[in-house]
Amino acid sequence: MKILITGGAGFIGKWLIEKLPSNAEVIVVDSLDEQVHRASPDFAPEIKARAKCIKADVQEIEHHKEVIEGTDVVIHLAAQTGTGQSMYEISKYVQHNANGTAKLLELVSSLEHKPRRIILSSSRAVYGDGAYTDGTAICYPKGRRLEDLQKGIWEICSDRGEPLKALPMQEDHLTKPTSVYGLTKLWQEDLLQNYCESQKIDLVTLRFQNVYGPKQELGNPYTGIIGIFTNAIVQGNRLEVFEDGLMTRDFVFVGDVAEAVAQCAVYTGSLSATMNIGTGKAVTLLEVIETIAEVIGKKADFTISGRFRVGDIRHAVADMNRYESLLGKWSPTSLKDGLAQYLEWYLGQKPLEQDTLQASFKEMEQKGLLMAKQS
Ligand SMILES: NC(=O)c1ccc[n+]([C@@H]2O[C@H](COP(=O)([O-])OP(=O)(O)OC[C@H]3O[C@@H](n4cnc5c(N)ncnc54)[C@H](O)[C@@H]3O)[C@@H](O)[C@H]2O)c1
């Protein structure tokens, strides 16, 4: 079996490489993007030891056709991943994520031996705010209005102003991204769907929730909220919590995500599906802070600032029924266990500079993407 992983030098790639069967031939194509690989601008030792590593942008992947010929499974991880950043570095996200996928498909179409399966790492960002209910029917609200956010109205309400309840995200729910990043992930999905259907190639689209765990780049202020929180608590800095801290997310441990991707890669029958990958459990950001503090054994010093990021969604949690019906029981790592593993790793790393984080906030403020509630 020959497996090509694009973007395989990143956070999820470093875990995935260790979950693939030892007899599989693996090729990793990664541009070693500076924002992600600032701390160590090379392929990690575990990747070098296991795969043929090619430093290249996926937009120029056609130059490596000969090495890639004969690939059975393509795992497409390469992407720019900062949701906030995507709202102003728009063409960069369109180029890497959408054009990158288009170029990958052009390469695939030129191969003599076509892969039998392509696996895409998509995101819960494709759902945008997701589906809600008023207790009787499902609805897709328009999203949060700037005027409401400025008044500190954080929850999504019906047109009549009545509060609605967020539903777990199901794969058949409407896709309505609220960020450029989310849009480009949806374009990746659509490009692949269109191509794979016409070529009878299996397409497995995995929509990850918030992935966390050891090996996530700490020098990148645009991704990884767990790293930002851990950093502040360990260093005894005051932590800023946006909105009222009661927004929810589904934090899924990177080892579980890598396991799911590997399972889809080696699956022997036909497998073409879109599936969520999360824990199925929503936690508020305040609960996350409490759990990190408990694991560290230190009290968290935080302030609920009432600032908010334009385009942020309020609630997200995966419905894992489809995954379980296709691939069997899903038993994700608990947040506490995952955070304990994360902390053990984190303590051996160089922490994110507080200034880098503040600079990214300033940048967002200047672009009108980070705002304060009006008192
Ligand atoms: N981490 C999460 O929480 C999360 C959530 C949802 C979806 N995803 C998706 O999972 C995938 C992997 O994410 P990750 O967390 O490992 O991110 P990451 O940034 O750690 O890894 C992405 C890798 O892609 C490489 N890359 C970026 N642009 C490239 C290009 N044009 N050509 C070649 N390589 C390129 C980077 O150098 C990096 O090594 C991405 O597609 C991302 O959208 C991640």
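In this predicted model, the secondary structure of the protein comprises 13 helices and 18 strands. The radius of gyration is 20 Å, close to the 21 Å that the globule rule gives for 375 residues, so the protein is as compact as a globular protein of that length. Measured out along the principal axes, the C-alpha trace spans about 65 × 50 × 40 Å. Of the 375 residues, 43% count as buried. Contacts between residues distant in sequence are well represented: among contacts with a separation of 6 or more, 84% join residues 24 or more positions apart.

A helpful place to begin is the sheet of seven strands. This sheet is open, its strands follow the order β3-β2-β1-β4-β5-β9-β14, and their pairing is parallel. At its edges lie β3 (52–55) and β14 (273–277), each of which pairs on one side only. From one strand to the next, the twist averages 15 degrees. Within this sheet, β5 pairs with strand β9 (residues 202–208) in the parallel sense, over seven bridges. Ser-122 is found opposite Arg-207 of β9.

Two helices can be placed against these strands. Helix α7 lies across β5 and β9, and runs at about 160 degrees to β5. Helix α9 (residues 254–266) lies across β1 (2–6), β4 (73–76), β5, β9 and β14. The angle between α9 and β9 is about 170 degrees.

Another sheet, also open, is built from three strands in the order β7-β6-β8, with antiparallel pairing. Here the edge strands are β7 (138–139) and β8 (165–166), each pairing on one side only. Strand β6 (residues 132–133) is joined to β8 by two bridges, and the two strands run antiparallel. Thr-133 has Lys-165 as its bridge partner in β8.

The chain after β8 leads to a residue worth a closer look. Pro-177 sits in the loop between β8 and α7 (180–199). Is this proline buried or exposed? Pro-177 counts as buried because it has 22 C-beta neighbours inside 10 Å, where the cut-off for a buried residue is 20 or more. Leaving aside neighbours within four places in sequence, Pro-177 is in contact with Ala-125, Val-126, Gly-128, Gly-182, Leu-183 and Leu-186. One of these partners, Val-126, is 51 residues away from Pro-177 in sequence, yet the C-alpha atoms of the two residues are 4.8 Å apart in space.

The ligand offers a second local view. Around it are 29 residues, of which Gly-7, Gly-10, Phe-11, Asp-33 and Ala-79 come nearest. By class, this shell has eleven nonpolar, 14 polar and four charged residues. Several elements each supply at least two residues of the shell: α1 (11–16), α2 (34–37), α5 (90–110), β5 (117–123) and β10 (210–212). Which of them makes the largest contribution to the shell? That is α1, with a share of three residues. Strand β5 thus brings two parts of the description together: β5 supplies residues to the shell around the ligand, and β5 also pairs with β9 in the parallel sense.

Key:
Residues numbered from 1 in each chain as written. Predicted model: local features only at pLDDT ≥ 70, side-chain atom pairs only at ≥ 80, totals over all residues. Near = placed C-beta within 6 Å. Helix = DSSP H or I, 4+ residues; strand = E, 2+ residues; numbered from the N terminus. Nonpolar A, V, L, I, M, F, W, Y, C, P; charged D, E, K, R; others polar. Pairing = 2+ DSSP bridges. Buried ≥ 20, exposed ≤ 12 C-beta atoms within 10 Å, placed from the backbone. Contact = placed C-beta atoms within 7 Å. Rg over C-alpha atoms; globule rule 2.2 N^0.38 Å. Axes fitted to C-alpha atoms, helices over the stretch in contact; angles between N-to-C directions.
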